[in-house]
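Please walk through this structure from its sheet outwards, taking the strand pairings, then the helix that lies across them, and then the side-chain contacts in turn.

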Amino acid sequence: MIWRALFNARMRNYLLTGILVTAPITITVWLSWQILQFFDRTVRRMMPPDLYPDISIPGLGLLVVFLGLILVGALTAGLVGRFFVRTSERILNNMPIVRSVYGAIKQILETVLQNKATAFRQVVLIEYPRPGIWALGFVSGPTKGEVRRRLDRELVNVFLPTTPNPTSGFLLFVPKADVQVMNMTIEEGIKLVVSGGIVTPEDVGDRQGKLAIDAPDDDDSEADQQRKGQ
């Protein structure tokens, strides 16, 4: 009985190890294949039969979409393309419900893809929801505008993600002095949040990091000077 119990425990460990090794690879390959098949089927239905070969070539649809996006980007850079984009945006902005969805999606894509602002700059620790309990957040920039003017303090915009879905969360305006900067990268911080603390990044040391936030803009500086003058 003892040997049978040890054998069963060892087999269970081998089984779990095999799942942990093969599952990420299998899921990644399966998702990649499904994405390729989706683009191939979509492009095949949209294009005339004479332009699309009868032989199924994996990834051809994705290549066609990639080249099409490059062509659209090149045309948009011209005068006619910019006029078409402005006209389309004007039409969408006049539609009650569509304009909200379009504006949100456009802002997110511009932030992430065009690097108009660094989406997340650093991983930080803040005391939330009460002192003594710490939460992992991501710095998105210094607090500016009306929020900073009304509170009259040096604050930092911290996005507090939820587990296991880091795309949802809370926007907190935290005093700069109450923020502890972590040495881990943004990717490591996201993995830590998604895994619920299971995937812990390696500790690279006790270096004291500094907040990498921009200096206040001119409007905020003028507002501060006016408050000081009063």
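Strands β1 and β5 run antiparallel and are joined by two bridges, and along this pairing Val124 stands opposite Val181 in β5. The model is a predicted one, and the pairing of β1 with β5 belongs to an open sheet of five strands, whose order is β4-β3-β2-β1-β5 with antiparallel pairing. At the edges of this sheet lie β4 and β5, each of which pairs on one side only.

On its other side β1 meets β2, and here six bridges join the two strands, which again run antiparallel. Within this pairing, Glu127 stands opposite Trp134 in β2. The two strands form a hairpin with six residues between them, and in that hairpin Gly132 takes a positive phi near 100°.

From β2 the sheet continues to β3: strand β2, which covers residues 134–142, pairs with β3 in the antiparallel sense over four bridges. One residue to locate in this pairing is Pro142, whose bridge partner in β3 is Val156. When following side chains along these strands, it may help to recall that in a regular strand the side chains alternate between the two faces of the sheet.

Which helix lies across β1, β2 and β3? It is helix α6, made up of residues 186–194, and this helix runs at about 140° to β2.

The charged side chains come next, and the structure holds two salt bridges. In one of them, the side chains of Arg150 and Glu146 meet at 2.6 Å, taken from N to O. Both residues lie in helix α5, which spans residues 145–151, and they are four residues apart, about one turn of the helix. As for their surroundings, Arg150 is exposed, with a relative accessible area of 62%, because a residue counts as exposed when that value is over 50%. Glu146, at 45% relative accessibility, counts as partly exposed.

The other salt bridge is formed by the side chains of Lys176 and Glu154, which meet at 3.5 Å, again from N to O. This pair links distant parts of the chain, 22 residues apart, with Lys176 in the loop between β4 (169–175) and β5 (180–181), and Glu154 in the loop between α5 and β3 (155–161). Is each partner buried, partly exposed or exposed, and what are the values of Lys176 and Glu154? Lys176 has a relative accessibility of 33% and counts as partly exposed, whereas Glu154, at 54%, counts as exposed.

The aromatic rings complete the tour, and a search of the whole structure finds three aromatic pairs. Phe38 and Phe39 form one that is edge-to-face, with 5.5 Å from centre to centre and 70° between the planes; the pair takes that label because planes over 60 degrees apart count as edge-to-face. Phe38 is partly exposed, its relative accessible area being 44%, and Phe39 likewise counts as partly exposed, at 22% relative accessibility. The cut-off matters for Phe39, because buried means under 20% relative accessible area, and its value of 22% therefore leaves it in the partly exposed class. Elsewhere, ring pairs link Phe120, Phe138 and Phe159 into a cluster. Of these residues, Phe138 can be found in strand β2, which covers residues 134–142, and Phe159 in β3, which covers residues 155–161.

Conventions. Residues numbered from 1 in each chain as written. Predicted model: local features only at pLDDT ≥ 70, side-chain atom pairs only at ≥ 80, totals over all residues. Heavy atoms only, no water. Salt bridge = Lys/Arg side-chain N within 4 Å of Asp/Glu carboxyl O. Buried < 20%, exposed > 50% of the residue type's maximum accessible area, 1.4 Å probe, protein only. Phe/Tyr/Trp six-rings, centres within 6.5 Å; stacked < 30°, edge-to-face > 60°. Pairing = 2+ DSSP bridges. Contact = heavy atoms within 4.5 Å. Axes fitted to C-alpha atoms, helices over the stretch in contact; angles between N-to-C directions.
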